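Hello,

Here is the structure we talked about. Please open it and keep it beside you while you read the notes below.

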Amino acid sequence: MPHARIARIERVTSAAYRIPTDAPESDGTIQWDSTTLVVVHLTAEQTTGVGYAYCSGAATSIVDEVLAPCIRGTDALATTARFDAMVRAARNVGRPGVAASAISAVDVALWDCKARLLGVSLAALLPAARERIAAYGSGGFTSYDDARLRAQLGGWVHDDGCRAVKMKIGREPWRDVDRVRAAREAIGPEAELYVDANGAYERKQALRLADAFAELGVTWFEEPVSADDHDGLRLLRDRAPAGMRIAVGEYGYEPFYFRRLLEAGACDVLQADATRCGGVTGFLQVAALADAWNVPLSAHTAPSLHATLCCAAGRGLNVEYFHDHARIEHLLFAGARAIENGMLVPDRSALGLGLELRTDDAAPYAV
């Protein structure tokens with residue numbers, strides 16, 4: 001009987017890049033002027049896979065000092081075993097947060113390497129639920145004036161064919177209804193309008209604004225209160241106007257977080273971010289929970305990665321085409337996915353994820 005193939009991991013490297021935003025940005029709770037991208041390259045049998053996460057540059061230390069030593073020399077094809085080993089190794093570091101993003105970046109690199117070793121695209125390697133997934137344009141930062149808000153959201157609908165767009169709210173609640181009205185005028189009556197408070201509101205404030213937003217056709221209210229306030233989220237879910245979904249989950253780092261949200265009945269749409277929740281392996285775990293609870297799953301940001309992963313999720317609903325991440329991925333990666341008539345389509349003609357870091361372009365942003 002022939003021996004199963006083993007492809008031993010030879011090298012794991014990491015690097016961080018800080019890319020300035022194209023304008024000041026803010027949401028309901030924080031402000032920022034740059035985004036940090038952590039990139040991992042993993043090599044087995046002279047085949048290199050690439051993975052990435054949006055997180056602190058401190059993740060590179062965890063990759064280099066904690067994760068790489070525990071998987072180097074082991075089988076790159078055994079992705080579940082490698083994932084479990086990294087979770088164990090990160091125990092004393094603290095799994096949620098930066099460590100989870102470090103694990104995510106390595107796990108994506110592992111799966112990318114595995115698909116390349118097998119000579120297929122990652123989309124072909126994963127279970128296929130669909131060939132393409134809806135993208136919604138996401139930005140509309142609270143730092144934008146109305147002209148930029150209108151231009152950005154209107155462009156995604158009228159130029160890129162998006163059926164939905166999302167804007168930030170919550171920094172100045174007294175202005176939010178007027179800003180939402182401006183967005184609705186820009187996108188027209190047919191496109192769905194989503195709002196994201198990033199947990200900035202109190203419960204009854206969120207309930208009052210939900211009614212006002214519903215009159216402007218808002219169909220998605222993301223993190224109306226803190227994502228840790230499960231009772232508050234359940235209150236919003238039960239009492240929000242008909243046709244308005246409550247979405248939450250982007251800050252989940254491990255499966256128990258998502259399970260607790262679902263058990264609490266805290267959302268109509270579960271969100272997951274593969275650059276935080278464990279890469280490909282972690283995202284598939286969350287997708288299984290969404291299947292078990294029969295709740296739609298939406299992928300948070302990182303569109304070039306999630307285009308493939310959400311097509312493998314049975315309850316996959318859509319992918320967030322987040323302004324910052326879409327801009328960075330097209331700036332630094334060959335093969336970054338673009339919206340095609342409102343959809344994202346994985347590249348099944350390329351090996352792995354189909355992404356290659358353009359190192360010369362990335363070099364000026366190295367941390």
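**Helix H1: two residues**

Start with Thr60, which is found in helix H1, residues 59-71. Bear in mind that this is a predicted model. Is Thr60 buried or exposed? Its relative accessible area is 16%. The cut-off for buried is under 20%, so Thr60 counts as buried. Its side chain also reaches the backbone oxygen of Gly57, at 2.8 Å. Leave out residues up to four places away in sequence, and Thr60 touches Ser14, Ala15, Ala16 and Val38.

Now go to Val63, which lies in helix H1 too. Val63 has 0% relative accessibility, so it counts as buried. Which residues are in contact with Val63, leaving aside neighbours within four places in sequence? They are Val12, Ser14, Val40, Ala68, Pro69, Ala102 and Val106. For a sense of distance, pick out Pro346. Val63 and Pro346 are 283 residues apart in sequence. In space, their C-alpha atoms are 27 Å apart.

**Helices H5 and H6**

Next, check two helix lengths. H5 has 13 residues. At 1.5 Å a residue it should span 18 Å, and its end C-alpha atoms are 17 Å apart, so the two values agree. Helix H6 runs over residues 173-187 and has 15 residues. What span should H6 have at 1.5 Å a residue? The answer is 21 Å; the end C-alpha atoms are 22 Å apart, which agrees.

Then look at what is covered. The buried residues of H5 are Leu149, Gln152, Leu153, Gly154, Gly155, Trp156 and Val157. Their cover includes strand E4 (133-139), E5, H6, E6, strand E11 (316-322) and H12.

In H6, the buried residues are Pro173, Asp176, Arg179, Val180, Ala182, Ala183, Arg184, Ala186 and Ile187. They pack against helix H5 (146-158), strand E5 (164-168), strand E6 (192-196), helix H7 (203-214) and strand E7 (218-222). An α-helix has 3.6 residues a turn, so residues three or four places apart point the same way. Try that on Asp176, Arg179 and Ala183, which are among the buried residues of H6. After H6 comes Gly188, with a positive phi near 85 degrees.

**The largest pocket and helix H12**

How much space lies in the largest pocket? About 500 Å³. Its lining has 21 residues. Nearest its centre lie Ile30, Thr35, Tyr251, Arg276 and His325. Two elements give two or more residues to this lining: strand E2 (31-44) and helix H12 (323-332). E2 gives the largest share, four residues. By class, the lining has six nonpolar, nine polar and six charged residues.

H12 itself is mostly covered, with seven of its ten residues buried. They are His323, Asp324, His325, Ala326, Ile328, Glu329 and Leu332. So His325 turns up twice: it is buried in H12, and it is one of the residues nearest the centre of the largest pocket.

**The cavities**

Last, the cavities. A search of the whole structure finds three of 30 Å³ or more. The largest cavity has a volume of about 40 Å³. Which residues line it? Thr142, Arg171, Glu172, Arg175, Asp176 and Arg179. Five of these are charged, one is polar and none is nonpolar. Two of them, Asp176 and Arg179, also appear among the buried residues of H6.

Best wishes

Terms used. Residues are numbered from 1 along each chain as its sequence is written. This is a predicted model: local features need pLDDT of at least 70, side-chain atom pairs count only at pLDDT 80 or more; totals for chains, interfaces and linings use all residues. Side-chain values use heavy atoms; hydrogens and water are left out. On a 1 Å grid over the protein atoms alone, a cavity is a set of points where a 1.4 Å probe fits but cannot get out, and a pocket is an open set with protein on both sides within 12 Å along at least five of seven lines; lining residues have an atom within 4 Å of a point. Grid points are joined across faces, edges and corners, and a volume is the space filled by probe spheres set on the points. Ala, Val, Leu, Ile, Met, Phe, Trp, Tyr, Cys and Pro count as nonpolar, Asp, Glu, Lys and Arg as charged, and the others, Gly among them, as polar. Buried means under 20% relative accessible area, exposed over 50%, partly exposed in between (1.4 Å probe, protein chains only). A polar contact is a pair of N or O atoms within 3.5 Å; within protein, one must be able to donate a hydrogen and the other to accept it, and residues adjacent in sequence count only if both atoms are side-chain atoms. Contact means heavy atoms within 4.5 Å. The expected span of a helix is 1.5 Å times one less than its number of residues.
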